[in-house]
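Let's take a walk through a protein model together. Have a look at the picture first, and then we'll go over it piece by piece.

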Amino acid sequence: MTEDQKLDFEHRLTEVEDRSKSNTKRLNEHDEAIKENGELIVAIKELAIETKYMREELNETIERL
């Protein structure tokens, strides 16, 4: 293996390592966004359930009136 080939491999390896670090950072950011979205979905489901029960109670109240 020539010195130029070694330098080329070293250069490529450095690029791959840099890309790997960048990808890891982006994945971590996406993981956080996914976690936040999951929490938001749970909150929306809870609101939907509460709204359903409130609507049922309102309908019962209207019927009594």
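## Starting on the helix

Let's begin at alanine 48, which sits in helix α1. This is a predicted model, so keep that in mind as you read on. Is alanine 48 buried, exposed or something in between? With a relative accessible area of 47%, alanine 48 is partly exposed, because that label covers values between 20% and 50%.

Now hop along the chain from alanine 48 to glutamate 60, a step of 12 residues in sequence. In space, their C-alpha atoms are 18 Å apart.

## The overall picture

How many helices and strands does the protein chain have? The count is 1 helix and 0 strands. The chain is more spread out than a compact globule, because its radius of gyration is 28 Å, well over the 11 Å that the globule rule gives for 65 residues. You can also look at the C-alpha trace, which spans about 95 × 10 × 10 Å along its principal axes. The helix itself, α1, covers residues 3–64.

What about the inside? Buried residues account for 0% of the 65 residues. As for the outside, the chain exposes about 6400 Å², and 56% of that is supplied by carbon and sulfur atoms.

## Stepping along the chain

Two more pairs give you a feel for distances here. Glutamine 5 is another resident of helix α1, and it counts as partly exposed at a relative accessible area of 40%. How far is it from glutamine 5 to serine 22, C-alpha to C-alpha? These two are 17 residues apart along the chain, and 26 Å separates their C-alpha atoms.

Asparagine 23 also lies in helix α1. Its relative accessible area is 29%, so asparagine 23 is partly exposed too. Going from asparagine 23 to alanine 43 takes you 20 residues along the sequence and 30 Å through space, C-alpha to C-alpha.

## Charges and a salt bridge

Time to look at the charged side chains. The protein chain carries 11 positive and 18 negative ones, and the centres of those two sets are 2 Å apart.

How many salt bridges turn up in the whole structure? The search finds 1. Its partners are aspartate 8 and arginine 12, whose side chains meet at 2.8 Å, N to O. Why is their spacing along the chain worth a look? Because they are 4 residues apart in helix α1, about one helical turn separates aspartate 8 from arginine 12. Both ends of the bridge are partly exposed: aspartate 8 has a relative accessibility of 33%, and arginine 12 comes in at 46%.

## A negative patch

Which residues gather in a patch of negative charge on the surface? They are Asp31, Glu32, Glu36 and Glu39. Try finding them in the picture.

Take glutamate 36 as an example from this group. Its place is in helix α1. With a relative accessibility of 46%, glutamate 36 counts as partly exposed.

Definitions and conventions
Residues are numbered from 1 along each chain as its sequence is written. This is a predicted model: local features need pLDDT of at least 70, side-chain atom pairs count only at pLDDT 80 or more; totals for chains, interfaces and linings use all residues. Side-chain values use heavy atoms; hydrogens and water are left out. Patches are made of residues with over 30% relative accessible area and no salt bridge: like charges are joined within 9 Å, nonpolar side chains (Val, Leu, Ile, Met, Phe, Trp, Tyr) within 5 Å. Accessible areas come from the Shrake-Rupley method with a 1.4 Å probe; for residues, only the protein chains shown count as cover. A salt bridge is a side-chain nitrogen of Lys or Arg within 4 Å of a carboxyl oxygen of Asp or Glu. Lys and Arg count as positive and Asp and Glu as negative; His and the chain ends are not counted. The place of a charge is taken as NZ of Lys, CZ of Arg, CG of Asp or CD of Glu. Helices (H or I, at least four residues) and strands (E, at least two) are DSSP runs, numbered from the N terminus. Buried means under 20% relative accessible area, exposed over 50%, partly exposed in between (1.4 Å probe, protein chains only). The radius of gyration is taken over C-alpha atoms; the globule rule is 2.2 Å times the number of residues to the power 0.38.
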